[in-house]
Amino acid sequence: MNLKAYPEKHSWDWETSTKEIANISDWISSFPEVQEIVISPEGERIAAIVMTEDDVFSVCVNGELWTNTFEKAWSLKFSPNGSLFCIGMNDDEWTVIEEDKPWEDSFDYVWNMKFSPESPGVGVNVRTSEGYGVALNGNPWDSKFVQMRSLEVSPDGKRAAGTVQLTSLAEGDVFSFKKGLWGLAVDGELWGTNFLNVWDCVFSTEGTKVAAEVRLVSGRQTIAVDGIPWDQEFKAVWRPIFVPDGHDVIAPCLTTDGWRLLVNGKSLWNKSFNQAWNTVFSPNGAKLAAVVSPEFGRWTIGVDGNVWKNSFGEVVLAPVFSPDGQRVAAVAKDSGKWTIIVNDVPWIENFDMIWDPAFSPDGLHVAAKAARGSDYFVVVDGKNSNQKFSKLGAPVFSPDGSRLLMKTVEAGRYFRKIVPLKNLL
Amino acid sequence: MGLPAIPIVSDPGLDETVKGLTPEKIAKVVNRIIDSETAARFKVYMKTCVHCGLCSDACHWFLSNDRDPRFSPVGKVKQTLWEIIKRKDSLDPAFLKECSRIAHTECNVCRRCSMYCPFGIDIAYLLMVVRRICSELEMVPQFLQDTVNSHSVTMNQMWVKQDEWIDTLQWQEEEAKGEIKTARIPLDKEGADVFYSVIAPEPKILAQLIGNIAQIMAVAKVDWTMPSFDGWDNSNMAMYSGDFETMGRVERYHHEAALKLKARRIVMGECGHAFRGAAYDGPKWLGWKQPPIPLIHAVDFYHELITTGRIKIARKFKTPVTVQEPCNIVRGRGLGKKLREIIAATCEDFTPPYPDFEHNYCCGAGGGVINCGPPWKTSRVKGNEVKAKQLAETKAKIIITPCHNCHSGIEDIISGYKLGMHVKFFSEILMEVMEIPDELRA
Amino acid sequence: MYEFVSGPLVWIAFIVFVSGMVYQFVTMLRSARKDKVIYPYMSLKYSLRSLFHWMIPFASRNMRDRYEVTIVTFLFHICLILGPIFLLAHIAMFAFAWGFKWQTLSQVAGTYMTIVVILASLFLLLRRLMMPEIQFVTDPSDYLLLAIAAAPFITGLAANQQWFDYQTTVIVHIITGAVMLMLIPFTRLSHMLFFPFTRAYMGSEFGAVRNARDW
Ligand code: HEM
Ligand code: HEM
Ligand code: SF4
Ligand code: SF4
Ligand code: SF4
């Protein structure tokens, strides 16, 4: 996926060193219930669902309440471009609320709120009296299905797809199940083929094609692109990805000699693994990285077929590329402790938890949020600033890479801070 | 030998599927599984077993069926694997039905027998190989297969739809709030201490258990979360049918849900087989030597809450109790002692069953057997007379049963043998005895 | 004939026995690699803990419950393995051929041990015939194996007591002994080799992985 920096990033305030945005303690003392806080990408806003009085919920943003109230509300999230969304219900009608403005349509139920990574686009799964479907950017699909259980929004935010059930199934009817009752709907249109299962799906970069993991018959899985299965079949497959700006599909597949990465059904890396998954392309599409397990119980990263020498005994999470694609970092865990490994060099310090690494624009520095006990830290290039916070948002590098945006909660108050990178190294 | 005929049970999952089998198809699967999916354990166990029969006394099926040798652990291996190895290429389809009956419905893969075999042969594993062969030929009892189908589609055991799941949590949060002001079920909260996962019967038919846990968490002030997305169900019947690909996928979703939410650890509700799947069989198939983040069973968690004083006991439970020790957490995790300790902390009158700890008898429901459904219920209840005797001897009124499968299995035994006892989860006991500070009461 | 059986045959028997055991051992180690979990799960501490509880009479519950089998099987195995090793006649032959010897049992003790093995074999046979759960899993090979294990003892005793023509009995004895040795690696008698490993693995899986006891 071509994850471009949102242009707004340049317009963020990179000068003011500290701004106190909100006093959360005040919220806690003035509302009977304050739920989990969320912080906007640029750090200027902090919000939480609050109970204003018995069984009445609203959203508090920087201390200001939304005008809308709800009997129930959940899934409060900032989109990547900084709009605040939640799902709310009144009189048994659910809908999506964006910045205190509910969508026109409401539904019997709403869930699975998903944003597109590149340009504004938000989708949800919905249930109405006619069945299950999707509402994308406020527009519900015309078609409804017996059931729907996933949602993927295209990178440009204009299309949506998800797994749907085609006909209903009586309890215990294993024979109808064998006929394949599941399919994929893209913008409400069904793939022509049905399967035993359709699992995770993915859009191509420009959103014209969709690939998904499918099960053909018991014990045989493969990847289907726009409904057409690969010629090759496997015991198991994992989530496919599209080669950026192209139509080739890559997926980890369980072959007779172990897990391999395949492209359009043919071997890609000349290696097999005990496990391989979480494939990620570099922003320019030139490099491919994946989490691999070279032997039972050992985990590391493979980049273009080269497996790192350092491996970990517990888990390695999905790799993250630097903007220029030259460097790769990943969260890893061994002996109960979390750390980050960058280009096969693990950080020395370790933590009770660590979040995804973020690269500086030049790719030279890596920052991450980490925790020890109930204290949170910002860690840059493995160095712990030793300043503890009770809550913390994800750190963000300034476009010129010289500063770091830190979103911190200290003693019940939320601060937005701009810290020169050199102070943290 | 004058052995009574085994009643013929009709199960469409087997009776219909068997029609499509041929000796060639069977041979192909058998050879593939034996040659490429098994290795040292299988081969050495098959070579080592000296046919001494010492494992027999371990099995509740054997003990309950008048010591019928067809129900002894090695007897079951003989009737299945020995034949399979001997006549690999000429196995008739009807034989596969026998295999499924024996491996899927007459063994709980409870592993008691590997504690009785002097070589420590893992007979349950051998019978799992039989299940694998059956499953690869789609010879799986109908109800069990339906559960596996549900897992494959929904990642949960009971076809619970995504909206139903979230809706149930929101409803139970409301219920819990009605009792305890601060009770919440935080959905998708990042970085919580506890990721709490359950098995699908909870949202489907026992929703109050979720409300209970919300109250317990509120009283103990635990920082916890549950996911709104797939991966919330920790159970895994695919592990038991022999569909390991589906098992692996289900377990991956479960562990990745917790990883995604950056939880420090997973606490699982009171279920034995779910623990086995999430702690051992699932990670093993996926390549994790242990679960990627620490995973503990509810018994361990309640032990922690009680011993650290986060939950105080206001009054002890008076009715005489005994315990059903779930194999998968007692033989499977050594939680027998902690289970005793939390019972001692909460109950006044406890009589342990005999034999107990690692030597407990399985409930007879586990290992996917109860999930084989009504057709197999009669043989299942008959196959656990020893359990009925064992429980009756304790003279208790309540059987504390920290496992969903055991729970249903023991209920069937209670009614089958008219024991007049009742089954409770430990959380239900805890709800009755836990101290709720006045300032938290709604 | 005697020259052949007491010379080359003995050699052949030992070579087949040793190389057969090595072959089985190496094959096991190799296929243990394919069984991904074995090496990662193995733990020395828990392997020993398990072996300890299963090599000491009555240290495990089933050994107490089935005390008669325990007594017999321990006597059977101890006499079966140690008896021949320390037997005067065997060592004498070794001493004659190789020129070195080790501690021997007295003639009487050797004979008693032999009788124990024979009686124990009889017990195991009766058990196999009489108990339905064992009868059910018995096929002709089980009798054959028991016979192969007992035969050197019966023939050895016969030779020692000179019940029949001594020379012939000894020849028959050596043949039965050689047959037994050669068959150990290739039949279920290989449990002699596998016992420590199956136990060690189960001990490790129960102890190190599942935090439970296996006895
Ligand atoms: C393969 C080479 C073997 C040779 C050359 C050999 C030779 C002999 C000889 C010469 C005797 C002496 C008989 C006497 O007392 O006058 C004897 C006795 C005996 N052997 Fe062997 N033997 C062999 C293998 C075995 C094996 C494998 C076993 C059992 C595991 C065995 C068990 C015995 C026993 C129990 C006696 C009789 C002891 C007694 O009653 O005092 N032998 N053997
Ligand atoms: C260190 C070596 C050995 C160990 C640890 C061992 C262990 C065992 C065990 C645990 C059993 C199972 C049940 C029972 O107690 O009856 C057994 C049975 C048996 N063993 Fe061994 N054994 C060893 C060596 C041998 C040898 C060298 C032979 C003979 C050549 C032998 C012959 C037998 C026989 C015939 C049985 C079967 C009894 C029956 O038919 O029920 N064993 N052994
Ligand atoms: S039910 Fe338990 S004791 Fe019986 S054979 Fe199966 S695993 Fe062994
Ligand atoms: S106890 Fe062990 S060796 Fe004996 S018959 Fe049972 S599995 Fe085989
Ligand atoms: S259901 Fe309970 S006793 Fe029965 S096998 Fe599971 S854990 Fe064992």
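**Stop 1: where chain C meets chain B**

Select chain C and chain B together: the contact takes 44 residues from chain C and 52 residues from chain B. Keep in mind as you go that this is a predicted model. Putting these two chains together buries about 4,300 Å², and carbon and sulfur atoms give 56% of that area. To see the residues of chain C that lose the most area to chain B, pick C:Arg61, C:Phe136 and C:Arg210; together they make up 17% of what that side buries.

Now turn on the side chains. Five salt bridges cross the interface of chain C and chain B. One to zoom in on joins C:Glu133 and B:Arg67, with 3.3 Å from N to O. Polar contacts between chain C and chain B come to 28 residue pairs, both partners at pLDDT 80 or more.

Which helices of chain C should you colour here? Those that each supply at least two residues to the side touching chain B are α2 (8-34), α3 (38-41), α5 (61-65), α8 (107-130), α9 (132-136) and α12 (191-209). The largest share of that side, 10 residues, comes from α12(C).

**Stop 2: along α12(C)**

Stay with α12(C) for a moment and colour it by accessibility. This helix is mostly covered, with 15 of its 19 residues buried. Just after α12(C), select C:Asn211, where phi is positive at about 60°.

**Stop 3: the iron atom of ligand 2**

Helix α12 of chain C also leads you to a metal site, through C:His191. Select ligand 2: its iron atom is coordinated by the NE2 atoms of C:His77 and C:His191, at 1.9 to 2.0 Å. The six donor atoms give angles of 85 to 179°, and the site is octahedral. Because C:His77 lies in helix α6 (residues 67-85) and C:His191 in helix α12 of chain C, the pair ties together parts that are 114 residues apart in sequence.

Are these two histidines buried or exposed? C:His77 is partly exposed at 30% relative accessibility, whereas C:His191 is buried at 16%.

**Stop 4: the iron atom of ligand 1**

Next, centre on ligand 1. Here C:His90 and C:His173 coordinate the iron atom, each through NE2, at 1.9 to 2.0 Å. The angles subtended by the six donor atoms run from 87 to 179°, so the arrangement is octahedral. Show the ribbon as well: C:His90 sits in helix α7 (residues 88-98) of chain C and C:His173 in helix α11 (residues 166-183) of chain C, so this pair ties together parts that are 83 residues apart in sequence.

Switch to a surface view. C:His90 has a relative accessible area of 26% and is partly exposed. C:His173, at 18%, counts as buried; that label applies because the cut-off is under 20% relative accessible area.

**Stop 5: where chain A meets chain B**

Hide chain C and bring up chain A with chain B. This contact takes 64 residues from chain A and 60 residues from chain B. The area buried between chain A and chain B is about 4,900 Å², with 52% from carbon and sulfur atoms.

How many salt bridges link chain A and chain B? There are 10. For one to display, select A:Glu33 and B:Lys177, whose side chains meet at 2.9 Å, N to O. The interface of chain A and chain B also has 32 residue pairs in polar contact, both residues at pLDDT 80 or more. Helix α3 (residues 174-178) of chain A gives the most to the side of chain A that touches chain B, with four residues.

**Stop 6: two aspartates in loops**

Stay in chain A and pick A:Asp187, in the loop between β17 (182-186) and β18 (189-190). A:Asp187 is partly exposed, with a relative accessible area of 31%. Beyond its neighbours within four places in sequence, A:Asp187 is in contact with A:Trp141, A:Lys158, A:Arg159 and A:Ala160. With A:Arg159 there is a side-chain to side-chain polar contact of 2.9 Å. Try a distance label to A:Leu136 too: that residue is 51 residues from A:Asp187 in sequence, and their C-alpha atoms are 8.9 Å apart.

Finish in chain B with B:Asp68, in the loop between α4 (60-64) and α5 (73-86). B:Asp68 is buried, with a relative accessible area of 5%. Show what surrounds B:Asp68: not counting residues up to four places away in sequence, B:Asp68 touches B:Leu3, B:Pro4 and B:Phe62.

Conventions
Residues numbered from 1 in each chain as written. Chains lettered and ligands numbered in written order. Predicted model: local features only at pLDDT ≥ 70, side-chain atom pairs only at ≥ 80, totals over all residues. Heavy atoms only, no water. Donors = N, O, S within 2.8 Å, 3.2 Å for Na, K, Ca; no water. Tetrahedral: all angles 85-135°; square planar, octahedral: opposite > 155°, others 65-115°. Buried < 20%, exposed > 50% of the residue type's maximum accessible area, 1.4 Å probe, protein only. Contact = heavy atoms within 4.5 Å. Buried area = accessible area lost by both parts, 1.4 Å probe. Salt bridge = Lys/Arg side-chain N within 4 Å of Asp/Glu carboxyl O. Polar contact = N/O pair within 3.5 Å; in protein donor to acceptor, adjacent residues only side chain to side chain.
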